[in-house]
Structure formats: structure tokens, C-alpha cells
Amino acid sequence: MNDETQQNKEKQAAAIAAIAFVKNGDVVGLGTGSTATYAINALGKKVAEGLKIKAAASSIRTEELAKSLGIEIVSLENLSTIDISIDGADEFTESLNLIKGGGGALFREKIIATLSKNSIIVVDRSKKVKKLGAFTIPIEVIPLAFQYVFDQILKLSGKATKRKKGNKNFITDNGNYIIDADFGLLEKPEELAIALNQINGVLAHGLFIGLTSKIIMSTGNDIIVFE
Ligand code: 5RP
């Protein structure tokens with residue numbers, strides 16, 4: 001089995017393990033990305049078999065996929081709480097802190113994680129790190145504040161790159177830009193998260209601190225749960 005096939009097998013196994021926590025009547029937060037897609041497909045099968053859920057989507061592509069599978073979508077706008085959410089991550093540590101936003105859906109993903117009573121992250125083992133920060137931190141920025149935010153990141157000693165899609169700017173589902181910021185390996189991710197929150201024009205950043213209930217990681221043969 002090549003590395004990519006093995007990694008996909010791990011993503012799928014973690015996603016399927018997470019689905020077991022979804023109960024009839026739950027409002028479910030749906031993440032974005034390849035691992036979350038395995039979970040959404042598995043949930044779609046359960047819904048076809050009779051599971052009754054409503055779901056809030058973290059991106060337009062997730063909403064479209066869920067609808068195509070017969071999963072009822074509710075708007076995030078009117079939700080005060082979500083029973084359970086299932087999403088992927090770009091990096092995680094055993095202290096349940098994450099970097100997310102590789103797919104650019106970090107703002108809605110963060111709202112969903114914040115509203116969730118049970119926020120489950122599903123990952124293959126390549127996502128586990130001792131310190132966050134090898135993966136650059138996605139930062140969603142309101143376009144008119146782009147240069148200001150870019151300069152503030154440099155002042156915090158980060159290296160900032162505006163995300164592109166081909167030769168155009170990457171635009172999020174919310175109509176904003178993403179800056180991918182490299183701060184090196186993070187000794188104190190909590191402090192950086194607070195500093196980034198304080199920059200006007202930052203809608204959200206990809207450091208998810210204290211927002212996760214459980215991380216389900218597959219190694220291919222085993223499921224390991226961090227909580
Ligand atoms: C999207 C995300 C994804 O969860 C993250 O990028 C992981 O993606 P994948 O499951 O494809 O490895 O945060 O914004």
C-alpha cells in the first residue's frame with residue numbers, strides 16, 4: 001500500500017469511529033476537508049438507514065455534499081448550541097490544541113467547535129506533533145485590513161504569505177483573504193492565539209486552543225483516542 005492510500009485508510013477509519021458518537025435527534029456540526037468528507041459520507045449512509053439528525057456545515061462544499069446525501073442542513077446563524085461536531089485538523093498535540101484551516105474553512109469551523117458540546121477531531125497519524133507550528137497558521141483577514149494585518153504579523157515575528165489559488169487570491173466562503181503565517185514551532189500557542197485575536201481585521205485564525213473534546217486518530221490497525 002502506498003503512503004497516500006495508507007493515509008486515506010487512516011482518515012476513513014478515524015472518521016467512521018467518530019460517527020458512533022452521533023445519536024438520533026442530534027444537531028451535528030460538519031467539518032471540511034478530506035477526513036471530514038469520510039465522516040459526512042458515513043453519516044449520509046446512516047441517515048439513509050433511518051438516523052434522524054440535523055447538520056450545520058462549516059463550508060459551502062460541505063453543505064452541498066451533505067445535502068446530496070439527504071442530510072438536513074440548518075443555518076449556523078440560528079444555533080445556540082451543537083450537540084456534536086466532527087472535523088479534521090492539520091496538526092494536533094496531546095494537549096488537544098490544533099492548527100486548522102488548511103482548507104480555508106477555519107472561521108465557520110471555529111464557530112462550530114465553539115458551539116459544540118462534544119467537539120470531535122478525526123485524524124490520521126501524520127497530524128500528531130509535539131509542538132504546533134510546522135504547518136503555517138491560516139489567518140482569515142477582512143480584505144480592506146489586509147496590509148495592516150500583514151504588517152502586524154511581521155511585528156509579531158511571523159513570516160506572512162497571502163494564500164493564492166492559481167494566480168488569483170484565495171477567497172474564503174465569507175469573501176475574505178487568508179494569510180498563512182509561519183511563527184516557527186510554538187512554545188506558547190495560547191499566547192500567540194491571544195495576540196492574533198487582538199489584531200483588528202483578523203476574522204479568525206487557525207489556532208484552536210481549548211475547543212476540542214476528543215481527538216480520534218487511526219494508525220491503520222488501531223484507533224487511539226486523546227481526551
Ligand atoms: C479545513 C481544515 C481541515 O480540517 C484540515 O485542513 C484537515 O484536512 P484533511 O482532513 O483534508 O487532512 O481545517 O479548513
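## A parallel pair in the seven-stranded sheet

Let's start with strands β4 (residues 82-87) and β7 (residues 116-124): they run parallel and are joined by five bridges. This is a predicted model, so keep that in mind as you look around. One pairing to pick out is aspartate 87, whose bridge partner in β7 is isoleucine 121. Helix α1 packs on this sheet, where it touches β4, β7, β15 (214-218) and β16, and its direction makes about 160 degrees with that of β7.

Now zoom out to the sheet these strands belong to. It's an open sheet of seven strands with mixed pairing, in the order β3-β2-β1-β4-β7-β15-β16. What stands at its edges? That would be β3 (72-73) and β16 (223-226); each has a single partner strand, so one side of each is left without a neighbour in the sheet.

## Where α1 meets α2

Helix α1 (residues 3-19) also has a helical companion, α2 (residues 34-48). Their axes come within 8 Å and cross at roughly 45 degrees, so the two helices count as oblique to each other. The crossing of α1 past α2 is right-handed.

Which residues do the meeting? From α1 come Asn8, Lys11, Gln12, Ala15, Ile16 and Ile19, while α2 brings Ser34, Thr35, Tyr38, Ala39, Ala42, Leu43 and Lys46. Sorted by class, this contact has seven nonpolar, four polar and two charged residues.

## The four-stranded sheet

There's another open sheet to find, this one built from four strands in the order β9-β12-β8-β13, with antiparallel pairing. At its edges are β9 (159-162) and β13 (202-205), and because each has a single partner strand, one side of each lacks a neighbour in the sheet. On average, neighbouring strands here are turned by 30 degrees against each other, direction ignored.

Inside this sheet, β8 (residues 137-141) pairs with β12 (residues 177-182) over five bridges, in the antiparallel sense. Look for valine 141 here: its bridge partner in β12 is tyrosine 177. Two helices keep the sheet company. Helix α5 (residues 146-155) lies across β8, β9, β12 and β13, running at about 10 degrees to β12. Helix α6 (residues 189-197) packs on the sheet too, touching β8 and β13, and its direction makes about 160 degrees with that of β13.

## Two domains

How is the chain divided up? The domain assignment gives domain 1 as 3-128 + 209-217 and domain 2 as 137-204. Their C-alpha centres lie 24 Å apart. Where they touch, 13 residues of domain 1 are in contact with 14 residues of domain 2.

Notes:
Residues numbered from 1 in each chain as written. Predicted model: local features only at pLDDT ≥ 70, side-chain atom pairs only at ≥ 80, totals over all residues. Heavy atoms only, no water. Pairing = 2+ DSSP bridges. Axes fitted to C-alpha atoms, helices over the stretch in contact; angles between N-to-C directions. Contact = heavy atoms within 4.5 Å. Parallel < 35°, antiparallel > 145°, perpendicular 65-115°, else oblique. Left-handed = near helix turned anticlockwise from the far one by under 90°. Nonpolar A, V, L, I, M, F, W, Y, C, P; charged D, E, K, R; others polar. Domains from an automatic or database assignment.
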